[in-house]
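User: Please take a close look at a single part of this model and describe it with care, beginning with the term needed to follow the description, and then set that part in its wider context.

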Amino acid sequence: MRASELVLIATIAVFAAVLCYQSLEFRYFSAQGFGPGFVPMNFAVATLVLGLLILLKSRGKAPDDDEDPSAVGDRVRAALPAIGAAALLFVATYLMHFGSVLAPLYAVMIVISITMLGHSLIRALILNAITLAAVFAIFNLWLNIPVT
Amino acid sequence: MEALGNLMMGFGEVLTPFNIAIIFAAGLIGTVVGALPGLGPSAGIALMLPLTFGMNEASGLCLLTGVYMGTMYGGRITAILINAPGDAPAIITALEGYPMMKQGRGAMALGISAVASFIGGLFGLGVLIFLAPIIASYAIFLGPPEYFLLMAVGLATVMLLAGDSMLKAFFVTCLGVLVSSFGSDYVSGQIRFAYVPELIEGIDFVAIIIGLYGLGEVLYNLEKKVKLELGKPRFSVKEFVPGRAELGEAAAPTMRGSVLGTIIGIVPGAGATVATFLDYALEKRLSKRPEKFGTGEISGLAGPEATNNAAVPGSLIPLITLGIPGSGGTAIMLGALIMFGLRPGPLLMQTSGDIVWAMIAGLVLANFFLLLSNVLLIPVFVNLLRTIQNNLANVVIALCVVGAFSLSYSAFNIWIMLIFGVVGYLFKKNDYPTGPFILAVVLAPLAENYFRQSVMLGQGSAAIFVERPISLTILVLMILIVAGSVFGRLRARKLREMRNPEE
């Protein structure tokens, strides 16, 4: 099993376990029928069981080429652009709480342009300014959605 | 014949230069709004509502229904070109359209989907014109048990969207149900898992689909260093006008999709999303090469596209004849009808028949305009994509972020979009199917409410599902779908084992 799949299953399992525990606060069944705890409780348990089954099934399977533990460094390096872009977007979204949506977004787009798409600084500045100007024109000026 | 006479009367009202210009503009605006991630029919109609304040009833309603129809055409554009569905029904379009785009057949996918959308819309309108009152009179016999089973049939299609691993499909389906359980529980009135006030209304599934498909795809492409090679902008009619072979392949799925979309569209609450998923499952089941689904199959694209657009006139039937809005878009239409002083319900056709028939005539006209404008606009959209292909990742990121922001004018939905962007990336990287997940997110809240209401109606007993003839019929249908899927999978596995005994 790949490390990324393990991360995915573990994260979902934690999420399901938290909801399972918190669904105890809601009524499961009453004289009239099922309560609000019925669906989250059952499906959280089902998620945990299915996650476990996937793990068990993968243990009995021969590893693929891209699951070779010795190549884990290469695979992490290959995933860096995706991890980096996601991290940049999380930071930018945090900065959006200070008022502007487009300014942090512009900064992220420039970094992605230069480091991942191979654009020069001037090209990145111009291309992304045009992109955001078009987005601003459509959403803010035409549709009156307050994107600033 | 009376219906035709009424329709002619409607055309008499609509065919003025002002109304024709309005319908044309509404279709175009709807197409562009529908193409933007985050903005669907509800947003399109809501945004255009203030423009109708100074208009007469017929013109105002033509504008709104034209936008509604246009958004259904537009939703497919970004789904095909950048794998970012504008709304939930376009998710299925992305499943087949985007692989076609990656094979350099994006323009053809847009052409086929435009034609299928037109036929679906026209079929739905035909039913609306001739059979609306009759069909609507039957829809009132459906209660929570039937609605629950209809949703369950939709969920049963998970089996057909599962891909290679049923275990992974069930795993993501359960996750989808859990994600959908956030927010207000409409049966008991309690609020579940609202860690922040924004979660009281639950997680907006449009933010989820923008992240899962749009951002997830960008992150995956950045890792795999996928670069589009679409060439320089050019114009070639052959590129986007479907030929005889493509039309032949699309014909039967389009007709099936039209019928299914209209029927499901009529059922209040089911709507175009359920209809497209069901039709996709149906096409996959009927296909001679189901293994090709997900790689750019024309039948998997044409059928759901026709379904999607047939559901629009279908959903107007209960609205006009019973006053029941079947979807978010028709709920806003209901508000618009009331705003114009009309009373949607059984008497609407008698008291305000002239306005209703003018609106229907406007829809017929909009459907023709939309086919024309959408086919003519294909080179514009495809060449726009060719122009931006070197910066496509950033364009999609910008549209995803701003589209998510526009859902509630706050950063909250951007966080949701980002989280599901990462989930979408991990799903894709590890071959987890996204279809069952999103199907569960969309259908589970409805299914849960109807299920619990049904059990309450049955005073704690589930026997209510087999005691009512319509629900029993749907139950049998669902069992057949599940049994057929299981049997088909077992048979395929047996055949594989016979061919490769050492496996």
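Analyst: Helices are DSSP runs of H or I with at least four residues, strands are runs of E with at least two, and both are numbered from the N terminus. With that in hand, the part examined here is helix 19 of chain B, residues 412-429, together with the loops on either side of it, in what is a predicted model.

The loop between helix 18 (392-408) and helix 19 of chain B holds Tyr409(B), whose phi is near 55°, a positive value in a residue other than glycine. Is Tyr409(B) buried or exposed? Tyr409(B) counts as exposed, because there are 12 C-beta neighbours inside 10 Å, and a residue is classed as exposed when 12 or fewer other C-beta atoms lie within that distance.

A comparable description applies to Asp431(B), which sits in the loop between helix 19 and helix 20 (435-457) of chain B. Asp431(B) is likewise not a glycine, yet its phi is positive, at about 60°. Asp431(B) has 11 C-beta neighbours inside 10 Å and therefore counts as exposed as well.

These two loop residues belong to a chain in which 60% of the 503 residues count as buried. Chain B is built from 22 helices and 2 strands, and because its radius of gyration of 22 Å is close to the 23 Å that the globule rule gives for 503 residues, it is as compact as a globular protein of that length. Along the principal axes, the C-alpha atoms of chain B fill a box of roughly 70 × 65 × 50 Å. Among the contacts in chain B with a separation of 6 or more, 78% come from residues 24 or more positions apart.

Chain B also has a partner, and their contact takes 47 residues from chain B and 54 residues from chain A. On the side of chain A that touches chain B, two or more residues come from each of helix 1 (3-22), helix 2 (38-59), helix 3 (72-96), helix 4 (102-115) and helix 5 (121-142) of chain A, and helix 2 of chain A gives the most, with 11 residues. By type, that side of chain A divides into 39 nonpolar, 12 polar and 3 charged residues.

Key. Residues numbered from 1 in each chain as written. Chains lettered and ligands numbered in written order. Predicted model: local features only at pLDDT ≥ 70, side-chain atom pairs only at ≥ 80, totals over all residues. Contact = placed C-beta atoms within 7 Å. Nonpolar A, V, L, I, M, F, W, Y, C, P; charged D, E, K, R; others polar. Buried ≥ 20, exposed ≤ 12 C-beta atoms within 10 Å, placed from the backbone. Rg over C-alpha atoms; globule rule 2.2 N^0.38 Å.
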